[in-house]
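Here are my notes on this model, point by point. Please read them with the structure open.

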Amino acid sequence: MTEPRKTGSSTSEDQGQPMLSIPRPTISLVKPPRRSFRSRPLRLFGVLRSVFRSLPIFTPKCKPTCHLTPTHLRHTDVSRNLSSSRVTGTLFGYRKGRVSLSIQESPSCLPTLIIELAMQTQVLLRDMSSGMVRIALECEKRPGNLKDHRTTTPPKLLNEPLWTMFSNGKKNGYGLRRDPNEEDISIMELLRAVSMGVGVLPTNSESDGPDSEIAYVRATFEHAIGSRDSETFYMLSHEGNNGPELTIFFVRI
């Protein structure tokens, strides 16, 4: 595995919220060869995004309603889905900040999906080090047009803007899909030579210590499509059966 290279520096802000302060490399990422789950910019959710990013992460103590638990869904279930392909997945963020999920067709492509998860980066890293992690992102089906009794075609599953998040069967809060910003693209550029691994990225933060570092986990994921309301990303470990297990389910109910 090749270490990310370090280049120039800069900082920026987005709607009053400080964004990831990382060295600015020369961007060489290209557009993906196919429009698998790209969509129009989420202008309608700009305000929601700024509010979402400023909220604390809540972990409700109520009984979870999600049925996607480790005992119900495993890799064998994923392999039976209708179609599958392999993509590059990256989970990244400040250790005490929200972790984001980026999906790319390959390390040399621009991100096709970015979702901010309702979980701290350090919590995800801790859970992954202890064993199997199952993340379920659930959204509700939108009602059709009742006046003309015609069925409204729902948007593509991964184009849904807001998700209820469950981690190993416990409700964490909400995940928000957003368009890639400059910092996201810079991180993906720094990791372009990394196909699989765990590490930290250099930042321009004036403070020292692990809290000022951007941690990341990058791996190849099997993207399996079960139906228009069910898709799964299963992390393929280079250590065989001895590595950490991470599966991310997208479900519309």
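1. Helices and strands here are DSSP runs, numbered from the N terminus; a helix needs at least four residues and a strand at least two. On that basis the chain has four helices and twelve strands. Keep in mind that this is a predicted model.

2. Start with the overall numbers. The chain has 253 residues, and 46% of them are buried. Its accessible surface comes to about 13500 Å². Carbon and sulfur atoms account for 52% of that surface. Take the contacts between residues at least 6 apart in sequence: 67% of them join residues at least 24 apart.

3. Next, the nonpolar cores. The largest one holds 30 residues. Which of its members touch the most other members? They are Ile 135, Leu 137, Leu 246, Ile 248 and Phe 250. Strand S5, residues 113-120, supplies the largest share of this core, with five residues. There is also a second, separate core of twelve residues. Phe 92, Ile 187, Ile 214 and Tyr 216 are among its members.

4. Leu 137 deserves a closer look. Neighbours within four places in sequence are set aside here. Leu 137 is then in contact with Ile 115 and Leu 117. It also contacts Trp 163, Thr 164 and Met 165. The remaining partners are Ile 248, Phe 249, Phe 250 and Val 251.

5. Now the rings. The structure holds two aromatic pairs. In one, the ring centres of Trp 163 and Phe 250 are 5.1 Å apart and the planes stand at 80 degrees. Why is this pair edge-to-face? The cut-off for that class is over 60 degrees, so the angle of 80 degrees places the pair there. Trp 163 lies in strand S7 and Phe 250 in strand S12 (residues 245-252), so the pair ties together parts that are 87 residues apart in sequence.

6. The other pair is Phe 233 with Phe 250. It is edge-to-face too, at 5.8 Å centre to centre and 75 degrees between the planes. Phe 233 lies in strand S11 (residues 230-236) and Phe 250 in strand S12, so this pair ties together parts that are 17 residues apart in sequence. Ring pairs thus link Trp 163, Phe 233 and Phe 250 into a cluster.

7. Are the cluster rings' residues buried or exposed? Buried means under 20% relative accessible area. Trp 163 is at 1%, so it counts as buried. Phe 250 is at 0% and is buried as well. Phe 233, with 1%, is also buried.

8. Check Glu 116, which sits in strand S5. Its relative accessible area is 4%, so it is buried. What does its side chain make a polar contact with? The partner is the side chain of Arg 178, at 2.5 Å. The C-alpha atoms of Glu 116 and Trp 163 are separated by 9.9 Å, and the two residues are 47 apart along the chain.

9. Last, Pro 155. It is found in the loop between strand S6 (132-139) and strand S7 (162-167). Its relative accessibility is 29%, so it counts as partly exposed. Not counting residues up to four places away in sequence, Pro 155 touches Arg 142, Glu 160 and Arg 252. Arg 142 is 13 residues from Pro 155 along the chain, and their C-alpha atoms are separated by 9.4 Å.

How values were computed: Residues are numbered from 1 along each chain as its sequence is written. This is a predicted model: local features need pLDDT of at least 70, side-chain atom pairs count only at pLDDT 80 or more; totals for chains, interfaces and linings use all residues. Side-chain values use heavy atoms; hydrogens and water are left out. Buried means under 20% relative accessible area, exposed over 50%, partly exposed in between (1.4 Å probe, protein chains only). Contact means heavy atoms within 4.5 Å. A nonpolar core is a set of buried Ala, Val, Leu, Ile, Met, Phe, Trp, Tyr and Cys residues joined through side-chain atoms within 4.5 Å. A polar contact is a pair of N or O atoms within 3.5 Å; within protein, one must be able to donate a hydrogen and the other to accept it, and residues adjacent in sequence count only if both atoms are side-chain atoms. Rings of Phe, Tyr and Trp (its six-membered ring) pair if their centres lie within 6.5 Å; planes under 30 degrees apart count as stacked, over 60 as edge-to-face and the rest as tilted. Accessible areas come from the Shrake-Rupley method with a 1.4 Å probe; for residues, only the protein chains shown count as cover.
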